[in-house]
Amino acid sequence: MRNVLLDLLDQMLELVYVSDVETYELLYINSAGKKKFGIDSLHGKKCYQVLQGLDAPCSFCTNDKLCEESVYTWEFTNQMVGRHYLLKDKLVDWNGRKARIEIATDITENQQEKVALKNALQAEMVIQECVRRLYETENLSEAIDFVLGKIGSFLMASRAYVFEIRGDKMYNTYEWCAPGITPEMGKLQELDISVIDRWRVYFDECECVVVEDLEDIKEVNREEYDILSMQGITSLVTAPLEQDGKLIGYFGVDNPPTEKIRNIVPLFHTLRYFLMSTIRRIEDERLLTRLSFEDMLTGFYNRNRYMQDLVAFNNEEKIGIAYVDVNGLKNLNDEFGHSYGDKVLVECARNIEQVFGTGDFYRIGGDEFIVICRGVSKEHFYENIRELKNQFASSESCQAAIGYQWAEKAGDVQRLIYTADAMMYEDKKQFYRKTLSSDRYRHYNDDVLGLTKPAVLKGMIDEGRFKVYLQPKVSFADRSLIGAEALVRYQVDKDVVLAPGQFLPVLEDAKVIGQLDFYVFEYTCSKIAEWLKKGKKIVPISVNFSRYTLVGKDFLNRLKNICDKHGIDKELVEIEITESVKGTEGIDMIRLIDKIKEEGFVISIDDFGVNYANLSLFTSIDFDVLKIDKSLAENIQHNRKAQMVIESIAGICRKMDIRMVVEGVETEDQFNILNMIGCEQAQGYLFSRPMPMEEYEAKYI
């Protein structure tokens, strides 16, 4: 009977053996087992010698766990044959000797599948942790360090790293090292990019580079081999990082175990996507932050940053405030174009920077600058003021009015700024009186200053001295008329017409600008009503309102009454509000706009990109039209970042059903690029300068 059983075991099973539980002598092994272990004779052989290659009984021997009533089941990987087995052991009587019979079933493939599944699950968990950190991070360096640590540890690598490519050089900017591994990052800087010429063939196809054995490339690329071998690298896997189709770097691991390498490539493809997405997101956020706080033309802080910083300056000791306003900027823009005016602004900023050296510099309006110097002595501050005045006095192109204040301690810095502002306006008045030579110009400046009296201003309005001009807005698609902006000019006498920059600051300073704003609004409404009665084709016209007008009593009621008086649709007159009113004392911008919108008026936000170029504008304020300031489009043909910013804003506007108008379009190159990146409406000298109402009627109505 036993022989029959042994014959069956010999034929059916891969490995069966019997051993004495006391002497460990191998009593029986089936033929499959003999072949597997290369056994011809069993005489005197111990089971642990034959089956495990050991010199002493196995530490995991199951003899003490066996009994005759039950079978003991367990799993083990046999190092002699490199296979994994499911084992069943039982205590039996073998020719009068107490023995153990063990039946082994090869489950190596099942075990490999289990290990592969376990590794896949672990890899997924690692990726999830890395992606979560990348998604949530505001600190790119910390996130990359975390990712490299996670990946390097999981892959049992000696190093994990990121190289950045700048021009034709490579820099090892991030590195993780396993315990006991010497960092190499300090040595791997400014490497010539030609070192990875072989890799770039793969990188160009968005593929990983896999080196399973460094010796394989010794004859292929000796320079690459030498650099890697000097770092103790025997194997590696790297993956490319790109931006806008351009290789910006790569990341990788050194010396992962051979069994890990086959699983690294899919993991790296997933990881590189999220790394590139995070790098792009962080860079976009940095760009938007910079746009939110920096004036793109001069490099100074903008009004948004100024409003944020203002409170922090309170109680500063030894503080000096300089308030600078460029003289005649509007005239320069009208006469020579906005490009020339921008050069004057840049010159003004450079003069300020050169004189003060250190300090907080802000451009808070189109032609207004503020300098705040902290911890400066009164003597040194006043010396800088004198030098700045001399700079402007000696400049042929850039003239500016200056107001200033110094205090031992700034209890209320806003009051110091207001005082410096008032001094600046006095300086501006003196400048025009002293520098304009003819009697006629001296007289007209006195006339402008006289407009600060409400009665005088009303008289000039009633006499028709203020002329409403219109500047067309056109479609990028076919350059057809789609709207216009109402602008005002002051006719001093028959031969002299002043641009807004020569009288609006005076009216704003005197808080009488509301009279003129409502005059322009009503005049515009009356013309629209007149054209409608004649059956003419009408396009919307936008009318600007000063910050001082917006806070005036019954502002909204006056708008409604004027529209009702002339019987026109409120959608035909856009209420244009400059971004700079945000933060102005007395104005709750969001509430004001909500009320205006509720009444059916169209809201247009002007000068986007100068003072408050922040995405929060889209989420906090409900408006209909966004006007991109000319400073963003000025050098767009040479400024890829400006193109990207305007293209992104245009995309946001389309999704939110906001009309976007690009101001200051002066050249065909600007027009073509703006058209290509998806802009839809434009305004600027390329199409038309502001024109008198009669000329506009003749040409367009």
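Let's start with a helix pair. The axes of helix H10, residues 329–336, and helix H11 come within 7 Å. They cross at roughly 145°. This is a predicted model, so please keep that in mind throughout.

Who meets whom in that pair? On the H10 side we have Leu-329, Leu-332, Asn-333 and Phe-336. On the H11 side, the partners are His-338, Tyr-340, Gly-341, Val-344 and Leu-345. By class, that contact has six nonpolar residues, three polar ones and no charged ones.

Now, what does H11 pack on? To see that, take the sheet. Four strands form an open sheet, ordered E13-E14-E12-E15. The pairing is antiparallel. Strand E13, 360–363, and strand E15, 400–409, are the edges. Each has a single partner strand, so one side of each has no neighbour in the sheet. On average, neighbouring strands here are turned by 15° against each other, direction ignored.

Look at the E13 edge. Four bridges join E13 to strand E14, residues 368–374, and the two run antiparallel. Within that pair, Phe-361 stands opposite Val-371 in E14. And here H11 comes back. Helix H11, residues 338–356, packs on this sheet. H11 touches strand E12, 317–326, as well as E13 and E14. The direction of H11 makes about 10° with that of E14.

Next, zoom out to the chain. The protein chain has 25 helices and 25 strands. Its radius of gyration is 41 Å. The globule rule gives 27 Å for 701 residues, and 41 Å is well over that, so the chain is more spread out than a compact globule. The C-alpha trace spans about 135 × 65 × 50 Å along the principal axes.

On to the sheet with the low strand numbers. Five strands make an open sheet in the order E2-E1-E5-E4-E3. Again the pairing is antiparallel. Strand E2, 26–29, and E3 are the edge strands, and each pairs on one side only. Neighbouring strands of this sheet are turned by 25° against each other on average, direction ignored.

Take the pairs one by one. E1 and E5 are antiparallel, with six bridges. There, Ser-19 stands opposite Arg-100 in E5. Tyr-17 stands opposite Glu-102 in E5. Then E4 and E5, also antiparallel, with 10 bridges. Asp-89 has Glu-102 in E5 as its bridge partner. The hairpin of E4 and E5 has two residues between the strands. In that hairpin, Asn-95 takes a positive phi near 55°.

Keep Tyr-17 and Glu-102 in mind, and turn to the empty space. A general word first. Rolling a probe the size of a water molecule over the atoms shows where empty space is left.

How many cavities of 30 Å³ or more are there? The count comes to five. The largest cavity has a volume of about 220 Å³. Its lining has 21 residues, and the closest to its centre are Tyr-17, Leu-51, Gln-52, Phe-60 and Glu-102.

Which elements give two or more residues to that lining? They are strand E1 (15–20), helix H3 (47–52), strand E3 (72–78), strand E4 (83–94) and strand E5 (97–106). H3 gives the most, with four residues. As for classes, the lining of the largest cavity has 16 nonpolar, three polar and two charged residues.

So much for that one. The second largest cavity has a volume of about 150 Å³. It is lined by 17 residues. Nearest its centre lie Phe-163, Trp-199, Leu-228, Gln-231 and Tyr-250. Strand E6 (159–166), helix H7 (222–230) and strand E11 (246–254) are the elements that give two or more residues to this lining. The residues here divide into 12 nonpolar, two polar and three charged.

A quick recap. Helix H11 meets H10 and packs on the four-strand sheet. Tyr-17 and Glu-102 stand opposite each other across E1 and E5, and both are among the residues closest to the centre of the largest cavity. The chain as a whole is more spread out than a compact globule, with a radius of gyration of 41 Å.

Technical notes: Residues are numbered from 1 along each chain as its sequence is written. This is a predicted model: local features need pLDDT of at least 70, side-chain atom pairs count only at pLDDT 80 or more; totals for chains, interfaces and linings use all residues. Side-chain values use heavy atoms; hydrogens and water are left out. On a 1 Å grid over the protein atoms alone, a cavity is a set of points where a 1.4 Å probe fits but cannot get out, and a pocket is an open set with protein on both sides within 12 Å along at least five of seven lines; lining residues have an atom within 4 Å of a point. Grid points are joined across faces, edges and corners, and a volume is the space filled by probe spheres set on the points. Ala, Val, Leu, Ile, Met, Phe, Trp, Tyr, Cys and Pro count as nonpolar, Asp, Glu, Lys and Arg as charged, and the others, Gly among them, as polar. Two strands pair if DSSP finds at least two bridges between them. Axes are lines fitted to C-alpha atoms, for helices over the stretch in contact, and angles run from 0 to 180 degrees between N-to-C directions. Contact means heavy atoms within 4.5 Å. The radius of gyration is taken over C-alpha atoms; the globule rule is 2.2 Å times the number of residues to the power 0.38.
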